[in-house]
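Colleague: I would like to learn how to read a model like this one. Could you take me through a few features, one at a time?

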Amino acid sequence: MTLSAIPTWFGEKPSIQLELPEQTVSSSSIQTLQASLEAQGIPVLSINQESNKVSLLFGNESDQSHARKALNDLYPEQPIAFSYESVAPQWLSNLGMNPIKLGLDLRGGVQFLLHVDVDKAMQEQQVAMVDEIKANLRQNMIRNTRVQLASNNSITVSTNNPAALTSISELVHEQFPDWQITNHENELSLSQSEQYKTENQSVIVQQNLQIMRGRIEELGITEALVQRQGSDNIRIELPGVQDPAQAKNVIGATASLAFYEVKGGSSAYSRQNLVLKDNDGRSVVLDKSPVLTGEHITNARSGLGEMGTAEVNITLDHAGGKKMSDFSATHIGKPMATVYREYKTNADGDTQRSERVISVATIQSQLGSQFRITGAGSMQEAQELAMLLRAGSLTAPVTIVEERTIGASLGAENIQNGFAALGFGLGMTLLFMAFWYRRLGWVANIALCTNMFCLLGLIALLPGAVLTLPGIAGLVLTVGMAVDTNVIIFERIKDKMREGRTFAQSIDSGFDSAFSTILDANVTTMITAVILYSIGNGPIQGFALTLGLGLLTSIFTGVFASRAIINLIWGKDARREVRV
């Protein structure tokens, strides 16, 4: 653990990870890349290349951000990732030892708090269920039945036809088993159980959480924190991101695509069809049920078509490819529309869905899992749409309710002030112990310094552990707790010597009698740390993590390491009067 703390003292520098086409990678191309950046006033500390992966190291976040803009112009289709690299000796990195990851308040960056509109998602599920019931009634040629959404989020079915009630009951039992059926005279009431509502809400938020992580990976941010906060909120921390505009556009966007059959003829404008506007404001009549939705899209890449216009190349999963293949095989020569859907928040804070047709194309042949769409707009808009589609369409719309930006300079100031407080507290404690307990005090000082190294090394080793400003406060508190362990032991040793025992006997008896007191005190504090970590978030978790780990290292160094040193030096001392 002590060895793993060494990389933290060397620190990290911002870097960019870039994947180049294998045919273009050479020593001359790397030199050209470095010269191009430096010509734009962007100094590069070092460039490392492994196969077609290139890592560029910069002196600060500002150079990193400017370099990304330049690299986007040079390699618009290549993935670019932000990260931080250790500047410790390479042999430490080869052993898998890296510096402690710093939190948002120390590194600087952006924090978003997102609200997931679960109600909107559940309403859309209910609308889809109503459409499914109506389609079932049409298929069975059952008439004079009214199906509608009620104000209490239930579905009512009114009819004088007993066959309709039987058919709908069978459909609900088979395809919607979590819905409860209440049978009144000539009417069915369909409602969701409370357990299903709770489980469905949790599933919707969890799906959005996974999609958010995918979107952040598409942005190339490798040290982001994405976690659920409360019942329907998601908190996202992006350390090192100083320009939140792009992150905000991608994280808060809820864009998705859907493909529809285009209706024509005199019966097109019927209640069973959907009418949407295209980019030119013209009305397009579509079948109400989509052929395919965005959930089947596994990959999307922007590019230029034969006419020089922007297009997006779509790749579908197996199920989506089969649906598209079956539909296109029976609709060759007929038009299919691509619908772009997004959610926006109005002035009243309500979430509203907007849809528009971005392209209508005639199916020339049977389509499979790969095809292309046009009409996405400019090349930049096509790139953003492709990024959103690769990361997935959100299960429920989200709204950014809070945005906080912490500058890199403020983060550096927090680090400086936090560790200055830690150094001052540690120094004063070392002086007091050396002055008050003399020789035993020097043993306590050695144990205290070892404790700090072990604690920092443990934080660096644990996956997912992040050091925050409250975490530094936990380090300062650990200093006091670690010394308190030694104070209890040394006072017990003094008590035993006053009873007339030898120094060696007092050491043995003092450690034994103090251990239970030390263990009780640390266990009660550990309970508090566990509770803080389990129910808290962000800074509270950072403090609780450091506090809990500090308790473990304090017991190890204060009891076991101190006793090993004292026994080695004074374990056979038979004197009965010794100044300690």
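Modeller: Happily; we will go through a sheet, a surface patch and some salt bridges. Keep in mind that this is a predicted model.

Colleague: Let us start with the sheet. In what order do the four strands of the open sheet lie?

Modeller: The general idea is to read the order across the sheet rather than along the chain. Here the order is 7-8-10-9, and the pairing is antiparallel. At the edges are strand 7 (145-149) and strand 9 (179-184), each of which pairs on one side only. On average, neighbouring strands of this sheet are turned by 15° against each other, with direction ignored.

Colleague: How many bridges join strand 8 to strand 10?

Modeller: Four bridges do so, between residues 155-159 of strand 8 and residues 187-192 of strand 10, and the two strands run antiparallel. To find your place in the register, look at S158, which stands opposite E187 in strand 10.

Colleague: And which helix lies across these strands?

Modeller: That is helix 6 (residues 118-139), which lies across strand 7, strand 8, strand 9 and strand 10. Helix 6 runs at about 170° to strand 7.

Colleague: Now the surface. Which residues form the nonpolar patch?

Modeller: For a patch, ask who belongs to it and which elements supply the members. The members here are F515, L519, V523, I527, I531, I535, F556 and F560, with about 760 Å² of accessible area together. Helix 14 (503-535) and helix 15 (539-570) each supply at least two residues, and helix 14 gives the most, with six.

Colleague: Take V523 as a test case. Why does V523 count as partly exposed?

Modeller: V523, which lies in helix 14, has a relative accessible area of 42%. Partly exposed covers the range between under 20%, which is buried, and over 50%, which is exposed, so V523 falls into that class.

Colleague: On to charges. How many salt bridges does the structure hold?

Modeller: It holds eight salt bridges. For each pair, look at the distance, then at where the partners sit in the chain, then at their exposure. D287 with K263 is one of them, and their closest N and O atoms are 3.6 Å apart. D287 is in strand 15 (residues 283-287), while K263 is in the loop between strand 13 (256-261) and strand 14 (273-277), so the pair ties together parts that are 24 residues apart in sequence. K263 is partly exposed, at 30% relative accessibility.

Colleague: Where do the partners R498 and D495 lie?

Modeller: Both are in helix 13 (residues 469-498), three residues apart, about one turn of the helix. Their closest N and O atoms are 2.7 Å apart. R498 is exposed, with a relative accessible area of 61%, whereas D495 is partly exposed at 34%.

Colleague: What about D508, which residue is its salt-bridge partner?

Modeller: The partner is R563, with the closest N and O atoms 2.6 Å apart. This pair links distant parts of the chain, because D508 is in helix 14 and R563 in helix 15, 55 residues apart. D508 is partly exposed at 39% relative accessibility, and R563 is partly exposed as well, with a relative accessible area of 22%.

Colleague: Which residues are joined into one network by salt bridges that share partners?

Modeller: E261, K263 and D287 are joined in that way. So when you come across a pair such as D287 and K263, look for shared partners too, as in this network.

Note on methods:
Residues are numbered from 1 along each chain as its sequence is written. This is a predicted model: local features need pLDDT of at least 70, side-chain atom pairs count only at pLDDT 80 or more; totals for chains, interfaces and linings use all residues. Side-chain values use heavy atoms; hydrogens and water are left out. Two strands pair if DSSP finds at least two bridges between them. Axes are lines fitted to C-alpha atoms, for helices over the stretch in contact, and angles run from 0 to 180 degrees between N-to-C directions. Contact means heavy atoms within 4.5 Å. Patches are made of residues with over 30% relative accessible area and no salt bridge: like charges are joined within 9 Å, nonpolar side chains (Val, Leu, Ile, Met, Phe, Trp, Tyr) within 5 Å. Accessible areas come from the Shrake-Rupley method with a 1.4 Å probe; for residues, only the protein chains shown count as cover. A salt bridge is a side-chain nitrogen of Lys or Arg within 4 Å of a carboxyl oxygen of Asp or Glu. Buried means under 20% relative accessible area, exposed over 50%, partly exposed in between (1.4 Å probe, protein chains only).
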